Each structure stands twice: as C-alpha cells, then as structure tokens.
Amino acid sequence: RPLRPGGFDYSRLARHPNGPQWGWQVPSGKQKPVWDGRNIYPYSGYAYVAAIKGGFVGEWGAIYDRTRYFALDPILSYRGGLDFQKSVAQQDGRRIERHTKLIVAVQKWGDNFFHFVMETLPRLTLVTELLRSDPDTRLLIPVPGSYGPAFLDMLGIPADRIIPYDPSVIYLADCLVVPMPTPCAHASREQMSLLHPALVP
C-alpha cells in the first residue's frame, strides 16, 4: 500500500512566519536585511514526544511504519517518505534490527559537532528521565568522535543504554519514542535552558 502522511504533521506544530534570512538566501542585487533589535524565534509550537507502535527508523532518522511516513523533521522532504516506501517493501537490502522500546534522536547531519550539540542534545531534555527510569529503553543516537560519549555521560545517560546509529541498518521498535526534532540550527531558548545546567555545572 502507498504511504500516506502520518498524523504528526510538523507544519501543524510550528509556525514559519518568514523564517530568518541569511545572506545566502537574499536574491542577487538585493540589500541584506538589517537587524531591527528584535530576536524573533520563527519556530513556535509545543514540545512533544511521539510514541509510535511498530515504528521504523531509516536514513537520517526518517520515521515511518508499514503504512505511513511521519513528517516530523522539516529537513526531510516528503520524497524521503517515498524512498522509504521502497525500503519497507524491499527492505532496501539493509539489515533490520529490532528493539522493544527505542528512543530515537537521529536527524540529518547529527554526526557533525555543531548539529550534535545544537540539535541532537536539546532533544534529549524531553526524554532523559525516561531513559534513566526505564531499564528496558534504549537510545538510538549518532555518537560522533570522542566528544559524543563525553556529552552523553555529562547528561547522565548510561553507556549500556546507547545504541550508536548505523546508517546501513533499518531500526524497528515495538514502541518507538520520538522527541520533537530540533529545527536545523534553531534550538529554542527553552531547550537550551534545560540543557545548559547539565553541561555547565
């Protein structure tokens, strides 16, 4: 059956008034916008944690089940959902690894230092207590370089609960727990305020 958009439509959770404009987004010959003294966060909405029964995690953290592609991360286009329709049907030649309860904190470029610190780590503020209190829960996350394990240790996440993300594997969980993806390069003030005390005692 063809995939249909899932119930977690990111466009319903966030507003994108005009979004920030950077120099590379300004058409040639136009003057770059000048800061007017206001600092408006363009991605407002409620933080959430989604629980999906029988959920898959594909490349770059795309989330889907056997019938739907869940548009949670705005950086992943709907074309990603069509690609993963093929993955579900043909398993895409990749190994499927099954878990009982899996928290996923994988998103595009999450193995890069900036994106790991500014996007992946803030997501964990929504699920840290669940990780600490439920011994059956595992965390699927990219663990880049030597700094990845160090940051996770600072957050008090036991090493034996961490599953390093492998892009050659498709992950399947009886219960897939998805903390709200951080908009690319736009962690909210609230997320960073929760993260800051754990990293800077």
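Which residue forms a salt bridge with Arg98? Select Asp174: that is the partner, and the closest N and O atoms sit 2.7 Å apart. Keep in mind as you click around that this is a predicted model.

**Stop 1: the salt bridges**

Stay on that pair for a moment. Arg98 belongs to strand S5 (residues 95-104) and Asp174 to strand S8 (residues 169-179), so the bridge links distant parts of the chain, 76 residues apart. Colour by accessibility and Arg98 comes out exposed at 58%, while Asp174 is partly exposed at 34%.

The structure holds four salt bridges, so carry on to Asp134 and Lys101. Their closest N and O atoms are 2.9 Å apart. Lys101 is in strand S5 and Asp134 in the loop between helix H4 (128-133) and S6, so this pair ties together parts 33 residues apart in sequence. Asp134 is buried, with a relative accessible area of 15%; Lys101, at 24%, is partly exposed.

Now pick Arg132 and Glu129, another salt bridge, with 3.0 Å between the closest N and O atoms. Here both partners lie in helix H4, three residues apart, about one turn of the helix. Glu129 is exposed at 55% and Arg132 partly exposed at 45%.

**Stop 2: the aromatic rings**

Next, show the Phe and Tyr side chains. The whole structure has six aromatic pairs. Select Phe113 and Tyr147: they pair edge-to-face, 4.9 Å centre to centre, with 75 degrees between the planes. Phe113 is in helix H3 (residues 113-124) and Tyr147 in helix H5 (residues 147-154), so the pair ties together parts that are 34 residues apart in sequence. Both are partly exposed: Phe113 at 43%, Tyr147 at 23%.

Add Phe116, which also pairs edge-to-face with Tyr147, at 6.0 Å centre to centre and 65 degrees between the planes. This pair again links helix H3 to helix H5, 31 residues apart. Phe116 is buried, at 0% relative accessibility. Bring in Phe151 as well and you have the cluster that ring pairs make of Phe113, Phe116, Tyr147 and Phe151.

**Stop 3: confidence**

Finally, colour by pLDDT. The protein averages 75, and 67% of the residues score at least 70. Among the elements, strand S6 (residues 137-141) has the highest mean, 96, and helix H1 (residues 10-13) the lowest, 36. Select residues 1-27: pLDDT stays under 50 there, and the model has 56 contacts beyond four places in sequence for them. Residues 78-83 are also below 50, with seven contacts beyond near neighbours in sequence. Where pLDDT is low, don't read the predicted coordinates in detail.

Note on methods:
Residues numbered from 1 in each chain as written. Predicted model: local features only at pLDDT ≥ 70, side-chain atom pairs only at ≥ 80, totals over all residues. Heavy atoms only, no water. Phe/Tyr/Trp six-rings, centres within 6.5 Å; stacked < 30°, edge-to-face > 60°. Helix = DSSP H or I, 4+ residues; strand = E, 2+ residues; numbered from the N terminus. Buried < 20%, exposed > 50% of the residue type's maximum accessible area, 1.4 Å probe, protein only. pLDDT = per-residue confidence, 0-100. Contact = heavy atoms within 4.5 Å. Salt bridge = Lys/Arg side-chain N within 4 Å of Asp/Glu carboxyl O.
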